[in-house]
Amino acid sequence: MLRLSLAPGDTVWVEDPGYPGVRRAVIATGGRPVPVPVDSEGLDVDTGIARAPRARVVVVAPSHQYPLGATLSLSRRMALLHWAERTQAVVIEDDYDSEFRHRGRPLTALQGLDEAGCVVYVGTFSKSMFPGLRLGFFVAPPPLVDAFASARAAFPAPASALEQAALAVFLEDGHFARHLRRMRVAYRERGEALLEALRADCAGALTPRSCDTGMQVAASLTAPLSDLSVRDEAARRGVEVAALSDYFSGRRREAGLVFGFGCVRPEALREGTRTLARALEDTRGR
């Protein structure tokens with residue numbers, strides 16, 4: 001999609017902090033990534049306009065931003081769509097795990113609000129099913145369908161026809177919907193267990209953010225510590241966490257940790273946070 005949307009040197013808004021693979025993909029296709037800050041309301045559209053008012057593409061995860069977990073507010077959704085319509089920019093909506101919304105009503109995708117044909121909606125089954133199923137999909141606005149179809153035909157199929165046919169039957173027979181209902185319950189329980197464990201064991205050093213969707217939680221370091229040092233010390237003790245500062249590409253940096261809980265049962269989370277608390281204490285004592 002970036003190859004079809006960009007000319008060499010075109011600017012692209014990327015979330016900051018954000019998934020590093022997006023920035024690498026923009027650079028690989030000849031684009032110039034412009035970091036746009038993310039806060040509790042998601043992508044800061046006004047700052048994006050100020051930094052790159054004629055950007056050609058925006059890559060955004062409005063339902064569940066990675067790694068902060070923010071949801072793009074309705075006012076910012078509308079501001080982004082209005083700006084994209086005025087400038088004829090393409091908005092790539094990365095909706096990688098919105099199926100796992102734990103609380104509240106389902107959110108309307110940007111693509112569902114788009115009346116000008118600016119949004120390309122992208123999703124994947126590797127999160128909702130399992131990582132080995134490398135199948136994704138996109139919904140393109142009518143003016144781009146033929147171009148995308150022609151470009152897609154030029155590349156080899158990423159997955160076998162058998163896998164695609166099996167998934168189609170899985171969807172049609174209702175198994176996928178039942179799977180999502182079960183996993184929403186499981187991920188809500190795991191997310192709540194992780195938040196409770198962090199508050200019990202790491203209070204004073206970490207402030208976790210809310211977890212309404214998906215399979216990860218970000219937490220800010222309130223103690224004056226390097227998140228890289230904490231990450232490394234935790235790894236030495238057998239606990240895998242990511243350093244929040246690694247996800248920033250602009251000047252602003254925030255120290256914190258990112259936790260994935262999708263494959264960890266609630267009863268095992270408390271052991272991990274107790275180990276993390278010891279890692280935090282040892283890092284602080286150096």
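Colleague: Which residue takes a positive phi just after α9?

Modeller: Happy to look, bearing in mind that this is a predicted model. The spot lies just after α9, and the phi there is about 90 degrees. The residue with that positive phi is Gly238.

Colleague: And at the start of α9, which backbone nitrogen does a side-chain oxygen of Ser226 reach?

Modeller: Good one to check at the other end. The side-chain oxygen of Ser226 comes to within 3.3 Å of its partner. A polar contact needs N or O atoms within 3.5 Å. The backbone nitrogen belongs to Leu228.

Colleague: Within what arc do the buried residues of α9 fall, seen down its axis?

Modeller: Helix α9 covers residues 227-236, and its buried residues are Asp227, Val230, Glu233 and Ala234. They line one face of the helix, because seen down the axis of α9 they fall within an arc of 125 degrees.

Colleague: Which elements do those buried residues of α9 pack against?

Modeller: Strands and a helix both take part here. The strands include β9 (216-221) and β10 (242-243). The full set of partners is β9, β10, β11 and α10.

Colleague: Now the second largest pocket: which element gives the largest share of its lining?

Modeller: That pocket has a volume of about 310 Å³. Among the 13 residues lining it, Val239, Glu240, Gly260, Val264 and Leu269 are the closest to its centre. Both β11 (256-260) and α10 (266-284) supply at least two lining residues. The largest share, five residues, comes from α10.

Colleague: How many residues of that lining are nonpolar, polar and charged?

Modeller: Glycine counts as polar in this grouping. The lining of the second largest pocket divides into eight nonpolar, four polar and one charged.

Notes:
Residues are numbered from 1 along each chain as its sequence is written. This is a predicted model: local features need pLDDT of at least 70, side-chain atom pairs count only at pLDDT 80 or more; totals for chains, interfaces and linings use all residues. Side-chain values use heavy atoms; hydrogens and water are left out. On a 1 Å grid over the protein atoms alone, a cavity is a set of points where a 1.4 Å probe fits but cannot get out, and a pocket is an open set with protein on both sides within 12 Å along at least five of seven lines; lining residues have an atom within 4 Å of a point. Grid points are joined across faces, edges and corners, and a volume is the space filled by probe spheres set on the points. Helices (H or I, at least four residues) and strands (E, at least two) are DSSP runs, numbered from the N terminus. Buried means under 20% relative accessible area, exposed over 50%, partly exposed in between (1.4 Å probe, protein chains only). The arc is that of the directions from the helix axis to the C-beta atoms. Contact means heavy atoms within 4.5 Å. A polar contact is a pair of N or O atoms within 3.5 Å; within protein, one must be able to donate a hydrogen and the other to accept it, and residues adjacent in sequence count only if both atoms are side-chain atoms.
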